[in-house]
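I opened my notebook to look through one protein, a piece at a time. Here is what I looked up.

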Amino acid sequence: MAIEGIFRDEIEIRQVDKFFAGEMGRQIHRYIKARGSMSMLEKIEKRIGSLSIPERENAMAKYIDLNRKVIEDLDWRMLIARAMANYCDSYSYFVKMVADEQTMRFYEERMKKKYVRFHEVFEENGKYGIKDVDGNIMLHARYDFLRTPFIYVDDLVSMPVIAEKDGKMGLVLPDGHDTVVLPFDYDDISLRDEEPWFELTKDGQTQLWNGLDELSD
């Protein structure tokens, strides 16, 4: 059994984190490219490229939270092995590192903790809200219905949440302050598969909205 310090000292962990972030970035790249949104891909990669490694990890975790298919069939250990290969300066050291089960288990648990940070809807007194993975409130329990759009657009700006209050639908940001993006005036709000992202119904009339711009007919 390998001594823990051989494969998991502070410098090594930091370097594996760095290279794994690159591998996860490529995973997201392939996911977006497969959907054909090149403009979205360019904006996200430009945004991520300017971040530090911890900031990049956090940004990608948020992206994954709203695009969970990114990691649906992900082979975590393959990405970890690629990250290790980028770090190691000899094949023999790489083989020993990958073959050490405790080391692989350590990094697999570490990376999942960093990147699998899903929010959850919670109920309180018959109303619904949203908490992040650490239990911080993103939306207070004030709503009769909530639906999170599982999309993440352009420069990593999260989309508003579809919510219902007093029989009417509106859009609110999960920012911890319950910021209202569109007032609770609508009879129905549904999510589309492409831009504009939202279809709004009010008094029998339908409008489209992409979450960022003005309403359109």
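Before I start: when I write that two residues touch, I mean that they have heavy atoms within 4.5 Å. I also remind myself that this is a predicted model.

**Entry 1: Trp76 and its neighbours**
I picked Trp76 and listed what it touches, not counting residues up to four places away in sequence. I got Phe20, Met24, Ile71, Glu108, Met111, Lys112, Tyr115 and Val116.

**Entry 2: the cores**
Next I asked which residues have the most contacts inside the largest nonpolar core. They are Phe20, Met24, Trp76, Tyr107, Met111 and Tyr115, in a core of 29 residues. I then checked which helices feed this core: H2, H3 (38–49), H4 (53–66), H5 (76–87) and H7 (101–115) each supply at least two residues. The largest share, eight residues, comes from H2. I also found a second, separate core of 11 residues, and Met159, Met169, Leu171 and Leu200 are among them.

**Entry 3: helix H2**
H2 gave so much to the core that I went back to it. How far apart should the ends of H2 be at 1.5 Å a residue? H2 has 25 residues (10–34), so it should span 36 Å, and its end C-alpha atoms are indeed 36 Å apart. At the start of H2, I saw a side-chain oxygen of Asp9 reaching to within 3.1 Å of the backbone nitrogen of Ile11. I then noted the buried residues of H2, which include Ile13, Val16, Phe20, Met24, Ile28 and Tyr31. Glu12, Asp17, Glu23 and Gln27 are on that buried list too.

**Entry 4: two odd phi angles**
Most residues other than glycine have a negative phi. I came across Asn125, which is not a glycine but has a positive phi of about 55 degrees. Asn125 sits in the loop between strands E1 (120–124) and E2 (127–131). Asp178 also has a positive phi of about 55 degrees without being a glycine, and it lies in the loop between strands E8 (168–172) and E9 (180–186).

Are they buried or exposed? Exposed means over 50% relative accessible area, so Asn125 counts as exposed at 76%. Buried means under 20%, so Asp178 counts as buried at 8%.

**Entry 5: the whole protein**
I finished by zooming out. I counted seven helices and 12 strands. Of the 217 residues, 39% count as buried. The protein exposes about 12,100 Å², and carbon and sulfur atoms supply 47% of that. Among contacts between residues at least 6 apart in sequence, 46% join residues at least 24 apart.

Notes. Residues are numbered from 1 along each chain as its sequence is written. This is a predicted model: local features need pLDDT of at least 70, side-chain atom pairs count only at pLDDT 80 or more; totals for chains, interfaces and linings use all residues. Side-chain values use heavy atoms; hydrogens and water are left out. Helices (H or I, at least four residues) and strands (E, at least two) are DSSP runs, numbered from the N terminus. The expected span of a helix is 1.5 Å times one less than its number of residues. Buried means under 20% relative accessible area, exposed over 50%, partly exposed in between (1.4 Å probe, protein chains only). A polar contact is a pair of N or O atoms within 3.5 Å; within protein, one must be able to donate a hydrogen and the other to accept it, and residues adjacent in sequence count only if both atoms are side-chain atoms. Accessible areas come from the Shrake-Rupley method with a 1.4 Å probe; for residues, only the protein chains shown count as cover. A nonpolar core is a set of buried Ala, Val, Leu, Ile, Met, Phe, Trp, Tyr and Cys residues joined through side-chain atoms within 4.5 Å.
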